[in-house]
Amino acid sequence: MAEKKGWKDLMRGADLPPATSLENKTGSWRTLRPKYDPSNCTHCMICVSYCPDMAIPTTVTEEGVVGKDGRIYKGRVRLETNFDYCKGCGICANECPAKCIAMAREEEVVESSPK
Amino acid sequence: MFKLKAFSGAQATAEAMRQINPDVVVAYPITPQTPVVEYFAQYVADGIVDTETIPVESEHSALSAAVGAAAAGARAMCATSSQGLALMWEIVAATPGLRLPIVMPVVNRALSAPINIHCDHSDSMGAATVGWIQIYNESPQEAYESMLLAVKLAEHPDVLLPVMVMQDGFITSHGVENVKILDDETVRAFVGVRKPDRYLLDVHHPYTIGPLALTDYYFEIKMQQEEAMIKAKAVYLEVGEELSNITGNKYPYFEEYRTEDAQAVVVLMNSSAGTAKDAVDELRNEGKKVGLIKPKLFRPFPYKEMRDTLVRFPVVGVLDRSLAFGAYSPLYSEIRNSLFEAEKKPKIQNYVYGLGGRDLFKAEVKKTFEELLSQNVDSENHRYIGLRG
């Protein structure tokens, strides 16, 4: 955030402008990282609706994406987790009926990834 | 302009609430506060107020619900006593931090243990440091009028702090007296409608309330709260002046009773002031120059005004209805503090009386005055009235 304000310039009390959680990137709290395997995903949206941080973005696609059993899934599909906000709680992996999300220790994933 | 009605303190408070017609009243019973929300619930059941009542499962929930309603933009109230105030403690501290103008009648009752349902001031005195404005009241009449004052004081844009309106458990809350009740229109014109500058149900102007503030901002937010409390002192008099125009009564920081040329005064709060005034009258009839000071606004405390008044007297006795275990008693502490800057200090003595509802008798007050007049005082040690040795 920008330079800290003095007490005379702050909003009254502990009130803040809305949507400040966007500025607070909670991804740094993560110790476990969800590894998402799109080739096993049915795009059922269960992980999306269970994610407490709304950290699984979705899109609508006409041409579709390849998912479980090589099928083409059209319409609303999930994308890779947004690691700016994902805290690694593992709820998505626990809830996924297709078992296409696995939790791995953050340092192992980061070390083995090309970036 | 007003009607005389035979009301207990609790009923007078509920009557004030009926006239104020708050948006939300949260109800949870606790002796001796129970009749406040009980009478009010009857008004709701009878359809004579528009208030939404929320019955809850504990005092912690009671104040939490009032906080939620006030944050949403409502004029919200709840009422409590003793253990109830203790149970809601976490939210008691959060309410002024969130700057929500909740008005809460507190019917003073001794804190457990041992369990006791009668009056002393250990409940509200324990809550004196967390940021609520505190107004103490001698009678049902004062409790009624302070409710009206409290609403305007709490919601004043320079203040926006919660207010506790005290009265003594049973003695005031259940004792019936003649109370001058203003007509509804006058009260409604006086208290008006709450106009919050921002509130959560204003969905077109969203904002965040109650976020985390650590080493970076907590200190600044608390300073804002302190500034509001400092301003509340002047606003109390302003709003009191407005109310005075309607009721003809005065709303000073503290009441002075027969203090002119007094050689000794006692300082004490709430219902015992009534007993002590009788003692003052009798001693005055005997030619003894004694008087009484009854603080009404305890938070913020009017140190300077109290000092300027107390230096007029040679000796001052301070009667506390609670202990502060290991420290000077709450009222006595403030009186001692207020005298620090005085060049010529009166002699002072603390007396602790009436814990757990033990009566304070006129004869005891008269004996206290005799002791004060003899100037046999010890400012460093408590004395006790009505305690078996």
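**Helix α2 and its setting in chain B**

In this predicted model, helix α2 of chain B covers residues 34-45, and its end C-alpha atoms are 16 Å apart, in agreement with the 16 Å that its 12 residues should span at 1.5 Å a residue. The expected span is 1.5 Å times one less than the number of residues; helices (H or I, at least four residues) and strands (E, at least two) are DSSP runs numbered from the N terminus. Residues are numbered from 1 along each chain as its sequence is written, and chains are lettered from A in the order in which they are written. Local features need pLDDT of at least 70, side-chain atom pairs count only at pLDDT 80 or more, and totals for chains, interfaces and linings use all residues, while side-chain values use heavy atoms, with hydrogens and water left out.

Within α2(B), the buried residues (under 20% relative accessible area, 1.4 Å probe, protein chains only) are B:Pro35, B:Val36, B:Val37, B:Phe40 and B:Tyr43. They pack against α1 (9-20), β2 (24-27), β3 (52-55) and β5 (103-108) of chain B, contact meaning heavy atoms within 4.5 Å. Just after the helix, B:Gly47 takes a positive phi of about 75°.

At the start of the chain, B:Met1 sits in the segment before β1 (2-8). B:Met1 counts as exposed because its relative accessibility is 61%, the cut-off being over 50%.

On a broader scale, an automatic or database assignment divides chain B into domain 1 (2-247) and domain 2 (254-385). Their C-alpha centres lie 28 Å apart, and 28 residues of domain 1 are in contact with 25 residues of domain 2.
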